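Hi everyone, thanks for making time for this. Could you bring the structure up on the screen, so that we can walk through it together?

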Amino acid sequence: MHQPLPARADALALLQQYTASDSLRKHMLAVEAGMRAYARILGGDEERWALAGLLHDFDYERFPNADQLADEEHPAEGVRILRGLGYPEDVLEAILGHAAYTGVARETPMARALFAVDELTGLITATALVKPSRSVHDVDVRGVRKKMKDRAFARGVSREDVLQGAAELGVELDDHIAVVIAAMQGEAVALGLDGNPGAPAPAGPTP
């Protein structure tokens, strides 16, 4: 029997307590949206999958783990905190599995979806922010595919992880991109990507 789920409001408060960066907070909200979409598509527990997305990087700012240690700092430290708060083990395993260096296998659809959605949200966000409108509503699959090919654009996004994530999830890349774009469009206001027609596009590629 599954452990009971903590409330989203409590998870959000935890995220805000540990993460000051607005862009990192919005990244986690974007991944949460993608996870909700895939839970609906794959028949998962939407609230459970959403928690994995919402909290997967909550410890990253305090425990950044530049050395990619398997058992220390992000995400291991965050998982220890969440375990102490009673978060269910399948959510914790998915969070551990989104970082390849932990060595934790992605054995569940939830874990595979988290890995697949994570990097892609960054690419979609960056694509939206270089639009004149700065709106995710103006982002489409073709545009994201084009930006994927430009290695100078959003250099921090691992194209390999995006491709591997779709493959592990068993979905075509274009379909995967479409699902995540639509999910982010549904949360455009919360993500700050609902458009600002008067805003100039950034001068250079998003880092």
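Let's start with Leu173. Setting aside its neighbours within four places in sequence, Leu173 is in contact with Arg145, Met148, Val162, Leu163 and Ala166. Before I go on, please keep in mind that this is a predicted model.

Where does Leu173 sit? It lies in helix H9, which covers residues 173-186. Is Leu173 buried or exposed? Its relative accessibility is 13%, so Leu173 counts as buried, the cut-off for buried being under 20%. One of its contacts is Leu163. Leu173 and Leu163 are ten residues apart in sequence, and their C-alpha atoms are 7.0 Å apart in space.

Now over to helix H1, residues 8-18, where you will find Leu15. Leu15 has a relative accessible area of 1%, so it is buried. Which residues does Leu15 touch, leaving aside its neighbours within four places in sequence? The answer is Arg25, Met28, Leu54, Leu55 and Phe58. For a sense of distance, take Leu15 and Gln185: they are 170 residues apart in sequence and 22 Å apart in space, C-alpha to C-alpha.

Let me move on to helix H5, residues 89-97. Its buried residues are Val91, Leu92, Ala94, Ile95, Leu96 and Gly97. What do they pack against? The buried residues of H5 pack against H3, H4 and helix H6, the last of these being residues 109-129.

Helix H5 also brings us to charges, since residue 89 is Glu89, and the side chains of Glu89 and Arg83 meet in a salt bridge, at 2.8 Å from N to O. How exposed are these two? Glu89 has a relative accessible area of 31%, so it is partly exposed. Arg83, at 39% relative accessibility, counts as partly exposed too.

As a reminder, side chains of opposite charge can pair when their charged atoms come close. How many salt bridges are there in this model? The count comes to twelve.

Another of them joins Glu160 to Arg151, with the closest N and O atoms 3.2 Å apart. Glu160 has a relative accessible area of 46%, so it is partly exposed. Arg151 is at 52%, which means that it is exposed, because the cut-off for exposed is over 50%.

Then there is Glu46, which forms a salt bridge with Arg40, the closest N and O atoms being 3.0 Å apart. Here Glu46 is partly exposed, at a relative accessible area of 25%, whereas Arg40 is exposed, at 54%. This pair belongs to a network of salt bridges that links Arg8, Glu32, Arg36, Arg40, Glu46 and Glu47. If you have the model open, do pick out those six side chains and follow the links.

My last stop is on the surface. Which residues gather there in a patch of negative charge? They are Asp67, Asp71, Glu72 and Glu73. Let me single out Glu73, which is found in the loop between helix H3 (46-55) and helix H4 (76-84). At 31% relative accessibility, Glu73 counts as partly exposed. Those flanking helices are familiar by now: H3 and H4 are among the elements that the buried residues of H5 pack against.

That is my tour. I'm happy to go back to any of these residues on the screen.

Technical notes. Residues are numbered from 1 along each chain as its sequence is written. This is a predicted model: local features need pLDDT of at least 70, side-chain atom pairs count only at pLDDT 80 or more; totals for chains, interfaces and linings use all residues. Side-chain values use heavy atoms; hydrogens and water are left out. Patches are made of residues with over 30% relative accessible area and no salt bridge: like charges are joined within 9 Å, nonpolar side chains (Val, Leu, Ile, Met, Phe, Trp, Tyr) within 5 Å. Accessible areas come from the Shrake-Rupley method with a 1.4 Å probe; for residues, only the protein chains shown count as cover. A salt bridge is a side-chain nitrogen of Lys or Arg within 4 Å of a carboxyl oxygen of Asp or Glu. Lys and Arg count as positive and Asp and Glu as negative; His and the chain ends are not counted. The place of a charge is taken as NZ of Lys, CZ of Arg, CG of Asp or CD of Glu. Helices (H or I, at least four residues) and strands (E, at least two) are DSSP runs, numbered from the N terminus. Buried means under 20% relative accessible area, exposed over 50%, partly exposed in between (1.4 Å probe, protein chains only). Contact means heavy atoms within 4.5 Å.
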